[in-house]
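Welcome! Please take a moment to look over the sequence and the structure, then work through the exercises below at your own pace.

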Amino acid sequence: MDSEILKKYYQAGSSIKSLSINFKLSVDSVKQAVFDEKYNCRKTLRNAVKRGLVVKESCKICGELKTEAHHNDYSKPLDVIWLCRRHHHLIHRGGKNRFNRDGLVDPGQDRLF
Ligand SMILES: [Zn+2]
Ligand SMILES: [Zn+2]
């Protein structure tokens, strides 16, 4: 199945469920086609954490224990930075203010870590 076709249908308003029925595909494979890299990336990471291949860490910036995984590159699902919700949001809000390794705002740096 050409995932571009599924994506077009999805963007035009078809639901995942109706696509899976119409194209005789599993819900999972429709999701994979529609959400592609980002979705697969999260799924791969989730499995890796479950299997103990990746260990969840505390926030790289403030040390908060409840964290989310941040990807710099969705083609590398296991290459993540662990951040608390607050810092994860701040990073996605972007702008020129980024945090450096010590948790300081570092306007000169374009990429994190
Ligand atoms: Zn934090
Ligand atoms: Zn992120």
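A residue is called buried if 20 or more other C-beta atoms lie within 10 Å of its own, exposed if 12 or fewer do, and partly exposed in between. Keep in mind that this is a predicted model. By that rule, buried residues account for 12% of the 113 residues in the protein.

**Exercise 1. Find how many helices and strands the protein has, and the order in which they come.**

Solution. Begin with the count: there are four helices and two strands. Next, walk along the chain from the N terminus, and the elements read α-α-α-β-β-α.

**Exercise 2. Find out how confident the predictor is in the protein and in its elements.**

Solution. Start with the whole protein: its mean pLDDT is 82, and 81% of its residues reach 70 or more. Then turn to the elements, where H2 has the highest mean pLDDT (94) and helix H4 (residues 85-93) the lowest (82). As a reading rule, predicted coordinates should not be read in detail where pLDDT is low.

**Exercise 3. Compare the span of helix H3 with that of a straight helix, and locate its bend.**

Solution. Step one is the expected value: a straight helix of 24 residues would span 34 Å at 1.5 Å a residue. Step two is the model, in which helix H3 (residues 27-50) spans only 22 Å between its end C-alpha atoms. Step three is to look along the helix for a bend, and H3 bends by about 120° at Asp36. Just after H3, Gly52 has a positive phi of about 80°.

**Exercise 4. Name the buried residues of H3 and say what covers them.**

Solution. The buried residues in H3 are Val30, Ala33 and Cys41. Their cover includes H1, helix H2 (16-22) and strand E1 (68-71). For a closer look at H2, take Ile16, which lies in that helix. Leaving out residues up to four places away in sequence, Ile16 touches Val27, Val30, Lys31 and Val34. Ile16 itself is partly exposed, because 17 other C-beta atoms lie within 10 Å.

**Exercise 5. List the residues of the largest nonpolar core and find the element that gives the most to it.**

Solution. The largest nonpolar core consists of six residues: Cys59, Ile61, Ala69, Val80, Trp82 and Leu83. Strand E2 (residues 80-83) contributes the most to this core, with three residues.

**Exercise 6. Decide whether Asp2, Lys24 and Val55 are buried or exposed.**

Solution. Take them in sequence order.

- Asp2 sits in the segment before helix H1 (3-11). Asp2 counts as exposed because it has 8 C-beta neighbours inside 10 Å. In space, Asp2 and Ala33 are 8.2 Å apart, C-alpha to C-alpha, although 31 residues separate them in sequence.
- Lys24 belongs to the loop between H2 and H3. With 7 other C-beta atoms within 10 Å, Lys24 is exposed. The phi of Lys24 is near 50°, a positive value in a residue other than glycine. For background, most residues other than glycine have a negative phi.
- Val55 is in the loop between H3 and E1. Val55 has 8 other C-beta atoms within 10 Å, so Val55 is exposed. Val55 and Trp82 are 27 residues apart in sequence and 9.8 Å apart in space, C-alpha to C-alpha.

**Exercise 7. Find what share of contacts join residues at least 24 apart.**

Solution. First keep the contacts between residues at least 6 apart in sequence. Of these, 37% join residues at least 24 apart.

Key:
Residues numbered from 1 in each chain as written. Chains lettered and ligands numbered in written order. Predicted model: local features only at pLDDT ≥ 70, side-chain atom pairs only at ≥ 80, totals over all residues. Contact = placed C-beta atoms within 7 Å. Core = buried A, V, L, I, M, F, W, Y, C linked by C-beta atoms within 7 Å. Expected span 1.5 Å × (residues − 1). Bend = angle between axes of the 7 residues up to and from the residue. pLDDT = per-residue confidence, 0-100.
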